[in-house]
Amino acid sequence: MLVVPIALFLGLFVFILVLDRRRSAEIDSLRSTLARLQQPIVPNVIPEQTFPKAAPAAKRTVEQSLGTNWLNRIGIILLVFGVALFLAYQLTHVGALGKIFAGLAVAAALLGGGLWFERRPQFQVFARAILGGGWALLFLTTYAAHYFDATRLLDSELVDLILLFVIGVGMVLHSLRYRSQVVTGLAFLLAFSTVTLSQITVYSLLATAVLALGLEIVCVREGWFLLELFGIVGAYGNHFLWLDRTLRNAGGPGHLFAEFWPSTCVLLLLYFIFRIGYVQRNTSSGRSTNLSGIAAVLNTLSAIALMRYQSIHPNWTFRVLLSFGVMELGFAFVARQRGRKTSFAVLASIAASLFLAAIPVRFHDSTWPLLWLIEAEAMFLAGLLLREQLLRSLGMTAMLSTLLRLLTVRAQLTWNQAPPDTHLPFVCLAFAIVLWLNASFFQRRLANAHKREPGLLTLASLCASLAAATGISFWLHGWSLLATWSLSGILVFLAGLATNEHNLRLAGVALLLFAVIRLVFFDAWQLEETARYLSLIGVGLALLAVSFLYSRYADRLKEYL
């Protein structure tokens, strides 16, 4: 049991190291700025008068940094963990009341001493460290009053949770008053670490939810998104430790346990706490935006991973992925309504990924590529209707992923010499038709097209030709395949010529080039003599026909080429 607190302690130690380096850099920058402001201005009318230059800001030595910052933080961490172990273990000569009284006394001493020392500038760093430890110890002692066997004084779980909530409110208000990331980090992360010493029921994890709520409020208000990442790890990490212990007692993953639905509710509560905080926040810098995006992805992955770990039925994975995709999409549109473009992009991308990941879990063979195609087209059309470039890009990306999957299936069938699914060629042709429509006729309706979108749609038209060629190859071989590819290329080119669609004309040329490549590198060496020269003549005539059409309508095509 001691391994977990020690691991969390090490994580907390590394986190404080990062905070210390950032804080030291900010202090050094402020000191150099102050030194420049304190330099006297030398008047130009008295060039001979000189003034002594201000002494440069002294850099903090390793000894000073160790003595003022590190010793107090390491000391307060060790003190809190020591009291936590004192509360958790049974001692015959000290009863539950004595332990709780001792824990409250130490917490009060730390809080009182921190408030007293904080008034003096030279002791502010020291004071804030012991303030964080005092809040963490107060939370832990209240938690131990019900959830530690050795210190159980409160029989009512509800009363203890109410007290924990009140203390959580106090931690939030105190953090907002001092705006110190060190105090907040020590208080909340130490509390996350020490509550792992005893988790009796799933309802004890509500203490973690209280901490998560308080930490999220502070992080959103103050913009401490690196601290939020550690909070997500702490909250879901506590739940995983409880869940792993519970599942081992129930026979392992896949076995039903009594607290399944309460555990699911707690996981959803954690997910909504961090997700609502993500939608509500404002990010002003690239670094905070990146950290927020990482936190958003980590929140979703953690919740889904734990639900998958406790799942008792394989089909529930599909439902979980689909449900979270719907929720992420809903939050994405809330962010869009609030003008959070980056948040909308992150959440919409997460939703699209979950939708795509859900389909292969439930469906197999040629069904799920078709469903991918339907989903991708729905995203593309939604992007057209809502004039949202991101949704269109996600839809096109999903379509290209579908094509990659179709090509992979075709290569596997060829390699294994296995008979194809009878529906797979139709899926390839449907994919080609949809991509041709998107790349050609829908391009005119792109009111707010990004500068890269025309190129992406051109690529989509070429991929459509590849999909059509793949679908035809399931039915035909040899010279008949080359003839069909060539004829299809001419027909698609004529359609593009009739409608003045640049992408359709390129798609037709692409089909002809596929026929040329197959003929030169494969069929010219494999076909019998008669089929070989007939194929060469047929493909050559097709190329000449298209070239003639380009020459015949050169003036008409100039403005479209």
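I will talk about a nonpolar surface patch and then about aromatic pairs in this predicted model.

Residues are numbered from 1 along each chain as its sequence is written, and side-chain values use heavy atoms, with hydrogens and water left out. Local features need pLDDT of at least 70 and side-chain atom pairs count only at pLDDT 80 or more, whereas totals for chains, interfaces and linings use all residues.

Let me start at the surface, where Phe165, Val169, Leu173, Leu213 and Ile217 make a nonpolar patch of about 410 Å²; such patches take residues with over 30% relative accessible area and no salt bridge, nonpolar side chains (Val, Leu, Ile, Met, Phe, Trp, Tyr) being joined within 5 Å and like charges within 9 Å. A salt bridge here is a side-chain nitrogen of Lys or Arg within 4 Å of a carboxyl oxygen of Asp or Glu, and accessible areas come from the Shrake-Rupley method with a 1.4 Å probe, with only the protein chains shown counting as cover for residues. Helix 5 (157–178) and helix 7 (206–222) each give two or more residues to the patch, and helix 5 gives the most, with three; helices are DSSP runs of H or I, at least four residues, numbered from the N terminus.

Turning to the aromatic rings, Phe, Tyr and Trp (its six-membered ring) pair if their centres lie within 6.5 Å, with planes under 30 degrees apart counted as stacked, over 60 as edge-to-face and the rest as tilted, and the count comes to 13 aromatic pairs. Phe257 and Phe260 are edge-to-face because their ring centres are 6.0 Å apart and their planes at 75°. Tyr271 and Phe324 also form an edge-to-face pair, 5.0 Å centre to centre with 80° between the planes, and this pair links distant parts of the chain, helix 9 (residues 260–280) and helix 11 (residues 316–337).
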